[in-house]
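Good morning, everyone, and thank you for making time. Please have a look at the sequence and the structure before I begin to walk through them.

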Amino acid sequence: MHKDKSTKKNKGGKKLDTNYLENNYLTLVGKVTGEKNFSHEIYGERFYVFNLEISRLSGNADIIPITVSERLATDEMLTAGKKLLVKGQFRSYNSYENEKNRLILTVFAKDVIEVEENEEEQEENEIVKKDTITNEVVLVGYICKAPIYRQTPFGREIADVLLAVNRAYNKSDYIPTIAWGRNARFCQNLEVGTKVKVVGRVQSRMYEKKHDDGTVENRVAYEVSVGSLEIVEENDTTETHEDENQEAV
């Protein structure tokens with residue numbers, strides 16, 4: 001068994017041990033790509049957005065937007081190529097553009113830790129990376145829209161499920177999830193209001209948005225690819241459905 005020799009540190013030089021809300025938490029490990037951009041400021045605290053590139057076993061990669069406070073990460077940590085461990089929540093908010101409402105998704109960072117590697121560790125990580133969690137999200141929420149079940153021309157079963165996940169201050173995040181195979185068949189019969197627990201990974205997907213004037217805009221969708229799904233009953237018993245973690249290409 002190979003030991004993890006990675007050195008991990010946050011802005012203060014130490015690892016934070018933070019307890020996150022149980023109904024929405026994730027762990028991502030990837031490399032910074034591009035430059036950070038200013039997002040907003042609250043009570044003098046500035047927040048920035050940067051993209052984290054997370055490799056898949058297939059060789060493809062997901063590019064996930066991360067929102068982070070200036071108090072959690074230095075400028076040096078957010079330079080392109082830096083490898084980071086991000087812990088936080090998958091959140092949503094509404095953006096009004098051209099008199100239309102658009103759901104924006106981002107990872108809200110609770111903790112950011114730089115992962116330093118030398119050449120020997122990089123070679124070792126190539127060997128053990130299949131056993132390392134680099135992209136996992138856990139959501140407990142309510143189905144707020146009737147699931148959409150469909151099959152591709154090749155017979156692949158897919159279900160789109162929108163979850164409402166509660167958080168502090170009477171707010172909710174609306175997270176799109178996509179289920180495959182047996183999970184998709186199971187989801188098609190779930191009623192609105194059903195409480196479920198989903199374990200999966202955050203993925204990015206390119207698509208084309210056609211406008212009324214005939215123009216086409218390339219956009220990126222963010223969603224949770226479902227690996228396992230449980231119905232959460234009032235008496236805390238659960239019915240679990242698992243499927244192979246299939247990736248969108």
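Let me begin with a hairpin: E11 and E12 form one with 5 residues between them, and in its turn glycine 214 has a positive phi of about 95 degrees. Strands here, written E, are DSSP runs of at least two residues, numbered from the N terminus, and two strands count as paired if DSSP finds at least two bridges between them. E11 and E12 pair in the antiparallel sense over 15 bridges, and one example is tyrosine 207, whose bridge partner in E12 is arginine 219.

I should say early that this is a predicted model, in which local features need pLDDT of at least 70 and side-chain atom pairs count only at pLDDT 80 or more, while totals for chains, interfaces and linings use all residues. Residues are numbered from 1 along each chain as its sequence is written, and side-chain values use heavy atoms, with hydrogens and water left out.

Strand E11, residues 195–210, is also joined by 6 bridges to strand E7, residues 135–143, and these two run antiparallel; there, valine 140 has lysine 197 of E11 as its bridge partner.

Now to the interior. The largest nonpolar core has 41 residues, and Leu28, Leu52, Ile66, Leu84 and Phe90 are those with the most contacts inside it. Its largest share, 5 residues, comes from strand E12, residues 216–232. By such a core I mean a set of buried Ala, Val, Leu, Ile, Met, Phe, Trp, Tyr and Cys residues joined through side-chain atoms within 4.5 Å, where buried means under 20% relative accessible area, exposed over 50%, and partly exposed in between, with a 1.4 Å probe and protein chains only.

Beside Phe90 in the sequence is a polar residue, glutamine 89, which lies in strand E5, residues 83–97. Is glutamine 89 buried or exposed? It counts as buried, because its relative accessibility is 2%. Its side chain reaches the backbone oxygen of asparagine 24 at 3.3 Å, and, C-alpha to C-alpha, glutamine 89 is 9.8 Å from aspartate 173, although the two are 84 residues apart in sequence.

Finally, consider the loop between strand E9 (157–167) and strand E10 (171–180), where tyrosine 169 lies. Tyrosine 169 has a phi near 65 degrees, a positive value in a residue other than glycine, and at 75% relative accessibility it counts as exposed. Asparagine 170 lies in the loop between E9 and E10, is exposed with a relative accessible area of 83%, and has a positive phi of about 60 degrees although it is not a glycine.

Note on methods
Helix = DSSP H or I, 4+ residues; strand = E, 2+ residues; numbered from the N terminus. Polar contact = N/O pair within 3.5 Å; in protein donor to acceptor, adjacent residues only side chain to side chain.
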